[in-house]
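Open the model in your viewer and keep the selection tool ready. Each stop tells you what to pick and what sits there.

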Amino acid sequence: MFKRTAAQAWRSRRLHSHISHTAQAARARPARSAVIASSAAATAGLLWYSFSATIHNDAIITPKPEDISKPIQKAPTSSTGITEDDGSICAVVWGSNQYNVINPTEPGVQRVQYPVNSSWLKDVALRDLALHERHAACVDARGDVYQWGDGFFGSSHTSKSEPQGPKLTLRGHNIIQLQLTESRIYALSASGKIYVIAANAEQQKTPPPKPLPANTTSWWEPGWIWGAQGNAIDFTEIAPKQKLGWGEQFVSISAGRNHLLALTSSGRTMVHPMNKNANTHGQLGLRKFDIPTPLSFTDIVSPPRVPVELVPKAVADPFATASPFSRSAASSVPPSTSTNIDGIDDQHIRFSDALFEIPSLQGIKVSQIAAGGRSSFVMTDSGRVLGWGANEFGQIGLGGNMTLDTIVLPTEVVLSRNVPGSVRTRCIGISAGGDLTCFVAERTDGESLVYVDLLTCGNGQWGGLGNNLYSNAQGNPVRAKNVSGLREYNEDSRTMSPILPHAISVSPTGHVLLTLDTQAHGGPGGLGRDLVVWGTNHDYQLGTGKRSSLSMPTTLERPEGGRFILGQRKALVRDLAGNVWKKKVEVEQCAVAGYGNSIIYWKIK
């Protein structure tokens, strides 16, 4: 009895102690709640201040001071490529205008956020247009070459706030295609000749070589022409080292960072080394060639040519990326460039004056060529693909098990790895830019309908692969989403037909513009071709109005509403001098991806 009473008393004291502690905690709670609320408010304020603007994982971290001071063009009134006042054709531009490349008449605009009509190409249809980082060039309706951009005007550009429009440089040669590099412009004429001029206006005015002795022919050759305003423009022609056949001529050119590919009408592939870095990754497909002896080195009338050997870096130093324990001594590593050309200026347009046929491609008939930044590709007439050159990001497309970063010989790219063996795959197009490559593959098994896939490989760090992933290396060509396996109803055959890419433009900086040929089988009611974009978007180059990159092909929408459709029409066409060339000319809109920017111009069909 006594023990039970003592236990009840102990429990009563414990319960009283617990109630007292609870009451004290309740009285102290308001103070602590106020402290916690104040701390939470301060933390929320700090987080709002830090993240009030959305920061994407691929956005530029710190803008440059000069970028902040210059405006961004927004809210365009129209992006159709047709002027609203009189219905004339004009260009559509968006993205970076830092070097006055896409909109040279408005140098105060740093970036164009949305696609907008640009009046500097009003009533102008072109044969070709090409963009580089600091300069650009085009071919007007008469076949003359015009250049512009801060990289072209250089030090002669008196004030960057003053508009500097396109300037006539190469005329009278009936040019049909252009390829641009950092320091040069290569032009292909309708007659199959290839010319090269400097990308900088000052270098075009360089004094000619010293005259030869009086008993020799004059140095005044067709390498000088009279450009606009009576200025002499220096240029030279690149001739094939091997003799072309009867009626054979060059029909296509494609330039990488330091090399040029050229295709003849007979299907022969030739290569041109631009400078001493032309074969750093074996992109030439050969090592040995010769160059002319500079006239400043000799007074001989016909000096012997200088033999050159450019060895790929991976061959000259196989252990360049190996650990110090397995790497050879630096003194034992042979030079990758011939020592006999150390004193020769490789930045001059006459460093090399010839095209050389690739030995391993002799006897192979090629139907298309494409050059990446440091890689080369050819497509044979049977639909097979060969690639060589740089492969650090898998841009050659030789598969995930290929770990070599340099492919020195043309090697076949297999495009049928991810399909059943009964499906026949044939390549019908190649596009390359920088470290990204696109293959258009036609697939059929003989029973079902034919379909077309877009396969991509290389550096997809900013979504350029189009497979909804961000991967900085992809060796096995993957299927791009939203643009592969598409079909539409064919009005003529009354069946479903594949939708083919009409044109693909791959930017060296990582974004892609693809034009779907949605008008091919649509009948007379077809409006035009859909424009699809994806990849990096740091400078609004995708035209979405945002700076977030896209890892999947997305149909571009106009700022004023509706799909972005590239059209065709008949229009009055002027040359860049303002003179009427012809009336009722068949023209179509063409999209070009540049260095952080994009442009749509009207091209003569």
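**Stop 1: a buried glutamate**

Select G245 and E248: the backbone nitrogen of G245 lies 2.7 Å from a polar atom of the E248 side chain. That is a polar contact, defined as a pair of N or O atoms within 3.5 Å; within protein, one must be able to donate a hydrogen and the other to accept it, and residues adjacent in sequence count only if both atoms are side-chain atoms. Add T264, whose side chain makes a polar contact of 2.7 Å with the side chain of E248. E248 sits in the loop between β12 (232–240) and β13 (250–255). Strands here are DSSP runs (E, at least two residues), numbered from the N terminus. Is E248 buried or exposed? E248 is buried, because its relative accessible area is 10%. The cut-offs are under 20% for buried, over 50% for exposed and in between for partly exposed (1.4 Å probe, protein chains only).

Before moving on, note that this is a predicted model: local features need pLDDT of at least 70, side-chain atom pairs count only at pLDDT 80 or more, and totals for chains, interfaces and linings use all residues. Residues are numbered from 1 along each chain as its sequence is written, and side-chain values use heavy atoms, with hydrogens and water left out.

**Stop 2: a buried glutamine**

Go to Q147, in strand β6 (residues 145–148). Q147 counts as buried because its relative accessibility is 0%. Now show T169: the side chains of Q147 and T169 share a polar contact of 3.0 Å.

**Stop 3: two asparagines with positive phi**

Most residues other than glycine have a negative phi. Select N174, which is not a glycine yet has a positive phi of about 55°. N174 lies in the loop between β7 (167–170) and β8 (175–180). At 35% relative accessibility, N174 is partly exposed.

Jump to N482. Its phi is also positive, at about 70°, although N482 is not a glycine. Look for N482 in the loop between β26 and β27 (487–490). N482 is partly exposed, with 47% relative accessibility.

**Stop 4: the sheet from β23 to β26**

Colour four strands in the order β23-β24-β25-β26: they form an open sheet with antiparallel pairing. β23 (424–433) and β26 (478–479) are at the edges; each has a single partner strand, so one side of each has no neighbour in the sheet. Two strands count as paired if DSSP finds at least two bridges between them. Nine bridges join β23 to strand β24 (residues 436–444), in the antiparallel sense. Pick out G433, which stands opposite L436 in β24.

**Stop 5: the sheet from β19 to β22**

Another open sheet of four strands runs β19-β20-β21-β22, paired antiparallel. Its edge strands are β19 (366–371) and β22, each pairing on one side only. Neighbouring strands of this sheet are turned by 15° against each other on average, direction ignored. Zoom in on strand β20 (residues 375–380) and strand β21 (residues 385–390), which run antiparallel and are joined by five bridges. Which residue of β21 is the bridge partner of F377? G387 is.

**Stop 6: a nonpolar patch**

Finish on L409, in strand β22 (residues 406–413). Show the surface of V315, V408 and L409, which make a nonpolar patch of about 220 Å².

Key:
Patch = residues over 30% accessible without salt bridge, like charges linked within 9 Å, V, L, I, M, F, W, Y side chains within 5 Å. Areas by Shrake-Rupley, 256 points an atom, 1.4 Å probe, with all protein chains shown as cover. Salt bridge = Lys/Arg side-chain N within 4 Å of Asp/Glu carboxyl O. Axes fitted to C-alpha atoms, helices over the stretch in contact; angles between N-to-C directions.
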